[in-house]
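The following exercises concern helix packing and salt bridges. Please study the sequence and the structure shown here before reading each solution.

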Amino acid sequence: MRIWLTLIGTVALALGFSSWLRVAGRVASLGLALFCSSWLTLFYGSEASPNLYVAAAAVWTVGQLAQVDRRSNLSRFVLLAAGLAVAVLLRPTDGIVLAAGIVGFGLLAPRRYDGRIFVAAAAGLVAGFLPWIIDAIIRFGGPVERWRSASTIVDSSPRWQVANHARLLDGPLV
């Protein structure tokens with residue numbers, strides 16, 4: 001299983017960084033090499049954990065964002081939305097942060113981006129959340145009930161989250 005997960009993680013990272021080849025050229029390969037030698041990749045690369053795959057989706061999405069401008073054709077925006085959808089599907093909270101960054105770029109650089117950037121962000125969010133919402137309705141009776149059910153299993157209070165993230169600052173091998 002770990003060999004399979006390592007293979008899938010490698011493919012995901014290669015795809016993620018491939019979106020940077022057009023913008024950064026060979027530097028994208030250096031970025032990939034640096035990322036693959038980080039503790040995140042070494043620890044989660046062979047685990048059934050969404051961290052690595054969300055990171056690969058985020059790298060892909062930001063690489064697409066770096067290529068988008070007012071002259072871009074629709075396919076570039078579809079690729080941007082698809083990367084965001086994958087990130088949202090794998091980890092919704094991280095996907096929301098990624099979408100906020102895309103919207104922020106759209107607001108901060110209105111001469112570079114037009115309204116299609118906001119449509120792409122919205123489409124990515126909807127496409128990523130749709131399976132979650134459908135599953136929540138079918139299995140739990142709705143998204144709120146799903147959240148309440150999950151809260152009984154995992155302590156999601158802000159105090160616990162901050163403490164947990166502080167413990168993991170130097171990696172999960174503490």
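**Exercise 1.** Determine what separates Asp 135 and Arg 139 along helix H8, and describe the contact of their side chains.

*Solution.* Step 1. Asp 135 and Arg 139 lie four residues apart in helix H8, so about one helical turn separates them. Helices here are DSSP runs of H or I with at least four residues, numbered from the N terminus. The model is predicted: local features need pLDDT of at least 70 and side-chain atom pairs count only at pLDDT 80 or more, while totals for chains, interfaces and linings use all residues. Residues are numbered from 1 along each chain as its sequence is written, and side-chain values use heavy atoms, with hydrogens and water left out.

Step 2. The two side chains meet in a salt bridge at 3.6 Å, N to O; the term requires a side-chain nitrogen of Lys or Arg within 4 Å of a carboxyl oxygen of Asp or Glu.

Step 3. Asp 135 is partly exposed, at 22% relative accessible area, and Arg 139 is exposed, at 60%. Buried means under 20%, exposed over 50%, and partly exposed in between, with a 1.4 Å probe and protein chains only.

Step 4. Through salt bridges that share partners, Asp 135, Arg 139 and Arg 146 form one network.

**Exercise 2.** Is Asp 69 buried or exposed, and which residue does its side chain meet in a salt bridge?

*Solution.* Step 1. Asp 69 has a relative accessible area of 18% and is therefore buried.

Step 2. Its partner is Arg 71, at 2.8 Å from N to O. Arg 71 has 73% relative accessibility and so counts as exposed.

Step 3. The structure holds five salt bridges. Another one of them joins Asp 114 and Arg 116, at 3.1 Å. Asp 114 is buried at 17%, whereas Arg 116 is partly exposed at 28%.

**Exercise 3.** Describe how helix H7 and helix H8 pack.

*Solution.* Step 1. Two packed helices are described by the angle between their axes and the distance between the axes. For H7 (residues 92-108) and H8 (residues 116-140), the angle is about 170° and the axes are 9 Å apart. Axes are lines fitted to C-alpha atoms over the stretch in contact, and angles run from 0 to 180 degrees between N-to-C directions.

Step 2. H7 is therefore roughly antiparallel to H8, a term for angles over 145 degrees.

Step 3. The contact (heavy atoms within 4.5 Å) includes Ile 96 and Val 103 of H7, and Phe 118 and Trp 132 of H8.

Definitions and conventions:
Helix = DSSP H or I, 4+ residues; strand = E, 2+ residues; numbered from the N terminus. Parallel < 35°, antiparallel > 145°, perpendicular 65-115°, else oblique.
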